[in-house]
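Open the model in your viewer and keep the selection panel at hand. The tour goes from pocket to barrel.

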Amino acid sequence: MAKPVPPRPAPRLYLATPVVDDPASLIAGLPALLAAADIAAVLLRLKQTDQRGMISRIKAIAPVVQGAGAALLLDGMVELVARGGADGAHLPGIAALEEALPSLKPDRIAGVGGLATRHDSMTAGELGADYVLFGEPDAEGRRPSPQAIAERLAWWAELFEPPCVGYAASREEVSEFVTAGADFVLVDDLIWADRRGPATALADVAESMQQAYAAATKNAKAAQG
C-alpha cells in the first residue's frame, strides 16, 4: 500500500511595497495590512537617496513589519540590510545573488528573481537562494503568460526544496499559482491600486488563496485514493 503524501503547507502572501520616499503613510497603514491577511514577508522598495536617509527609512519600517511576525526584505541594496535591521534582500538575477551571498549568509535571507530559464532557476537553488521568484515584470513591464508561470511553479514545486514564489497580477493568477504549487504569492499593484483600499484587497487575495489551496488539497487526496 502506497504511503500517503503529506499535504503541502498552506501558501502565504509576500507583499511588495510601492517605491517608498517618505515612509510615514506606509507605516501608518502597515498594522492594518499586516492584520488583514497572513503575510510572511514584506519587500521594501526604497527610492534611491543618500545611504543615511535610506537606512533611517528602513529602521522606521522594520519594527512595524517584524513586530507583526513578518520578515522585511530589501529590493536590492544588500549593503543596507544589516545596517537597517532588515531580514534579507531580494536579488535581480544570478550575478546579483552570487555577489550578495557572502554578506547575507548564513544569518539573512537571500531571495532571487529575474530567472529567465529553468537552468537559471536550478543554478539559483544550487547557489543557496532561500527562494526563487517566477513571473515578475521585467524593466519594460513584460512578463510570461500566467500559464507559463504556473508551469514553472509546478515544475519547481515537484522537484526542488527551496520555496517558489509566484508574482500575481490578478486574483485569477493568485488562484492559478496556488494550485500549481507556489509556496508564496507576491503581490504589489494588485493590492495598492485597488480602489477599495489595500486592506480589503489583501483580505480578498487571502480568501482566494485559501479556496485554491483547499481545492488543491482535496484533489490531491482524491488522487491518492
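How do the residues of the lining of the largest pocket divide into nonpolar, polar and charged? They split into 14 nonpolar, 5 polar and 10 charged. Nonpolar means Ala, Val, Leu, Ile, Met, Phe, Trp, Tyr, Cys and Pro; charged means Asp, Glu, Lys and Arg; the others, Gly among them, are polar.

This is a predicted model, where local features need pLDDT of at least 70, side-chain atom pairs need 80 or more, and totals for chains, interfaces and linings use all residues. Residues are numbered from 1 along each chain as its sequence is written, and side-chain values use heavy atoms, without hydrogens and water.

**The pocket.** Select Gly 113, Gly 114, Gly 135, Glu 136 and Pro 137: of the 29 lining residues, these are the closest to the centre of the largest pocket. (A pocket is an open set of points on a 1 Å grid over the protein atoms alone, where a 1.4 Å probe fits, with protein on both sides within 12 Å along at least five of seven lines; lining residues have an atom within 4 Å of a point.) The space there is about 590 Å³, the volume filled by probe spheres set on the points, which are joined across faces, edges and corners. Next, colour helix 6 (146-159). Helix 6 gives the largest share of the lining, 4 residues. (Helices are DSSP runs of H or I, at least four residues; strands are runs of E, at least two; both are numbered from the N terminus.)

**The barrel.** Now show the strands. A closed barrel of 8 strands runs 1-2-3-4-5-6-7-8, with parallel pairing. (Pairing takes at least two DSSP bridges.) Zoom to strand 4 (residues 88-91) and strand 5 (residues 109-112), which pair over 4 bridges. Leu 91 stands opposite Val 112 there.
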